[in-house]
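Grab a pencil and your favourite viewer. Below are some exercises, each with a solution worked out step by step.

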Amino acid sequence: MDKEINITVCLGSACFARGNEDHLNYIEDYVNMHNLNAKIDIAGSRCEGKCADGPNIVINGTVYNNMTSVKLKEILDKIRG
């Protein structure tokens with residue numbers, strides 16, 4: 001069975017420096033806490049090419065810019081259902 005949700009965290013230097021390392025850790029903890037391993041695929045990317053708008057996270061093809069931990073929690077809660 002394919003995973004339903006694909007999350008790609010930009011780990012380019014600008015996004016990494018602006019908090020995506022913490023965001024990646026938060027996503028991994030969230031997935032484990034809510035037992036979503038079978039539903040969510042998490043990957044990293046070198047650069048999404050939108051450095052000025054970072055940190056960037058792509059979820060099922062939608063790019064989310066200027067990510068904050070609050071926005072990330074809201075998105076994860078919404079996709080979790």
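**Exercise 1.** Work out where Asn35 lies, and whether Asn35 is buried or exposed.

*Solution.* Start with the chain position: Asn35 sits in the loop that runs between α1 and β2. Helices and strands here are DSSP runs, numbered from the N terminus (H or I with at least four residues for a helix, E with at least two for a strand). Next comes the surface: the relative accessible area of Asn35 is 66%, so Asn35 is exposed. The scale calls a residue buried under 20% relative accessible area, exposed over 50% and partly exposed in between, using a 1.4 Å probe and protein chains only. Last, the backbone: Asn35 is not a glycine, yet has a positive phi of about 55°.

A word on what you're looking at: this is a predicted model, where local features need pLDDT of at least 70 and side-chain atom pairs count only at pLDDT 80 or more, while totals for chains, interfaces and linings use all residues. Residues are numbered from 1 along each chain as its sequence is written, and side-chain values use heavy atoms, leaving out hydrogens and water.

**Exercise 2.** Find another asparagine with a positive phi, and a cis peptide bond.

*Solution.* Recall the background first: most residues other than glycine have a negative phi, and most peptide bonds are trans. Now the asparagine: Asn66, also not a glycine, has a positive phi of about 50°. Asn66 belongs to the loop between β4 (62-64) and α2, and its relative accessible area of 42% makes Asn66 partly exposed. For the peptide bond, look at Gly54 and Pro55, which are joined in cis with omega at about 5°. Pro55 falls in the loop between β2 (40-45) and β3 (57-59).

**Exercise 3.** Which residues form the aromatic pair, and how are their rings arranged?

*Solution.* Step one is the count: the structure holds one aromatic pair. Tyr26 and Tyr30 form this pair, with 6.1 Å from centre to centre and 40° between the planes, which makes it tilted. To check that label, use the rule: rings of Phe, Tyr and Trp (its six-membered ring) pair if their centres lie within 6.5 Å, and planes under 30 degrees apart are stacked, over 60 edge-to-face, and the rest tilted. Step two is the location: both tyrosines are in helix α1 (residues 13-33), four residues apart, or about one turn of the helix. Step three is the accessibility: Tyr26, at 29%, is partly exposed, whereas Tyr30, at 4%, is buried.

**Exercise 4.** Stay in helix α1 and list what His23 and Phe16 touch beyond their neighbours within four places in sequence.

*Solution.* Begin with His23, which is part of helix α1 and buried at 7% relative accessibility. Contact means heavy atoms within 4.5 Å. With the sequence neighbours set aside, His23 is in contact with Pro55, Ile57, Met67, Thr68, Ser69 and Leu72. Pro55 is the proline of the cis bond from Exercise 2. Then take Phe16, which also lies in helix α1 and is partly exposed, with a relative accessible area of 39%. Phe16 is in contact with Leu11 and Glu21 under that rule. As for Tyr26, its C-alpha atom is 14 Å from that of Phe16, and the two are 10 residues apart along the chain.

**Exercise 5.** Place Lys71 and say what it touches.

*Solution.* Lys71 is in helix α2 (residues 69-80). Its relative accessibility is 32%, so Lys71 counts as partly exposed. Not counting residues up to four places away in sequence, Lys71 touches Asn65 and Asn66; Asn66 is the positive-phi residue from Exercise 2. Asn32 lies 39 residues from Lys71 in sequence, and their C-alpha atoms are 19 Å apart.

**Exercise 6.** Zoom out: what pattern does the protein chain follow along the sequence, and what share of its residues is buried?

*Solution.* The protein chain has two helices and four strands, in the order β-α-β-β-β-α. Along its principal axes, the C-alpha trace spans about 35 × 25 × 15 Å. Of its 81 residues, 32% count as buried. Finish with the contacts: among those with a separation of 6 or more, 68% link residues 24 or more positions apart.
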